[in-house]
Amino acid sequence: MSRAVRFDGYGGIDVLQVVEVPDPVAGPGEVLVRVKATSINPGEAKIRDGSLHSRFPATFPSGQGSDLAGVVDSVGEIGRAHV
């Protein structure tokens, strides 16, 4: 199982939870990255606290930590349209 940082409602850092999620699989034209480090950027923090609800409403559960560094773990199938 992999881990993800998620929240089920708007709020401060106290709403964040580290949860186990199924291991992802790289789909066609995608790569799977084994994350070594991640962060929550200021925009994500504003989405989490509800400041940007009118423009970027969250759907729950919602995730945080889209800025990341890691290594490519696997590559999905590459079709003719992606070559």
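Modeller: Helices are DSSP runs of H or I with at least four residues, strands are runs of E with at least two, and both are numbered from the N terminus. By that rule, the protein has one helix and five strands.

Biologist: Before we continue, on what footing do these values stand?

Modeller: This is a predicted model, in which local features need pLDDT of at least 70 and side-chain atom pairs count only at pLDDT 80 or more, while totals for chains, interfaces and linings use all residues. Residues are numbered from 1 along each chain as its sequence is written, and side-chain values use heavy atoms, with hydrogens and water left out.

Biologist: What pattern does the protein follow when read along the sequence?

Modeller: The pattern is β-β-β-α-β-β.

Biologist: Why is the protein called more spread out than a compact globule?

Modeller: The test is the radius of gyration, taken over C-alpha atoms, set against a globule rule of 2.2 Å times the number of residues to the power 0.38. For 83 residues the rule gives 12 Å, and the radius of gyration is 15 Å, well over that value, so the protein is more spread out than a compact globule. Along its principal axes, the C-alpha trace spans about 45 × 25 × 20 Å.

Biologist: How much of the protein counts as buried, and how much area does the protein expose?

Modeller: Buried means under 20% relative accessible area, exposed means over 50%, and partly exposed lies in between, with a 1.4 Å probe and protein chains only. Of the 83 residues, 18% count as buried. The protein exposes about 6100 Å², of which carbon and sulfur atoms supply 55%; these areas come from the Shrake-Rupley method with a 1.4 Å probe, and for residues only the protein chains shown count as cover.

Biologist: Why does Ser62 count as buried or exposed, whichever applies?

Modeller: Its relative accessibility is 14%, so Ser62 counts as buried. Ser62 belongs to strand β4. Not counting residues up to four places away in sequence, Ser62 touches Val5, Arg6 and Phe7; contact here means heavy atoms within 4.5 Å.

Biologist: What kind of peptide bond joins Phe60 and Pro61?

Modeller: The bond is cis, with omega about -5°. Pro61 sits in the loop between α1 (42-49) and β4. Pro57 is found in the loop between α1 and β4 as well. Beyond its neighbours within four places, Pro57 is in contact with Tyr10 and Leu52.

Biologist: What class does Ile47 fall into, and what value decides it?

Modeller: Ile47 has 24% relative accessibility and therefore counts as partly exposed. Ile47 lies in helix α1. Outside its neighbours within four places, Ile47 contacts Tyr10, Leu52, Phe56 and Ala58. Pro57 and Ile47 are ten residues apart in sequence and 7.3 Å apart in space, C-alpha to C-alpha.

Biologist: How do you know the class of Ala69 in strand β5?

Modeller: The value for Ala69 is 40% relative accessibility, which means that Ala69 counts as partly exposed. Leaving aside neighbours within four places, its contacts are Arg34, Val35, Lys36 and Ala37.

Biologist: What share of the contacts with a separation of 6 or more comes from residues 24 or more positions apart?

Modeller: Such residues account for 65% of those contacts.

Biologist: What makes a region a pocket?

Modeller: On a 1 Å grid over the protein atoms alone, with a 1.4 Å probe, a pocket is an open set of points with protein on both sides within 12 Å along at least five of seven lines, and lining residues have an atom within 4 Å of a point. The volume is the space filled by probe spheres set on the points, which are joined across faces, edges and corners. The largest pocket has a volume of about 800 Å³. Of the 23 residues that line the largest pocket, the closest to its centre are Ser2, Arg3, Ala4, Val33 and Val35.

Biologist: Which element gives the largest share of that lining, and how do the lining residues divide by type?

Modeller: Strand β3 gives six residues, the largest share. Ala, Val, Leu, Ile, Met, Phe, Trp, Tyr, Cys and Pro count as nonpolar, Asp, Glu, Lys and Arg as charged, and the others, Gly among them, as polar. On that basis, the lining holds twelve nonpolar, six polar and five charged residues.

Biologist: Why is Ser2 placed in its accessibility class?

Modeller: Ser2 has 23% relative accessibility, so Ser2 counts as partly exposed. Ser2 is found in strand β1. Apart from neighbours within four places, its contacts are Val19, Glu20, Val21, Pro22, Asp23 and Pro24.
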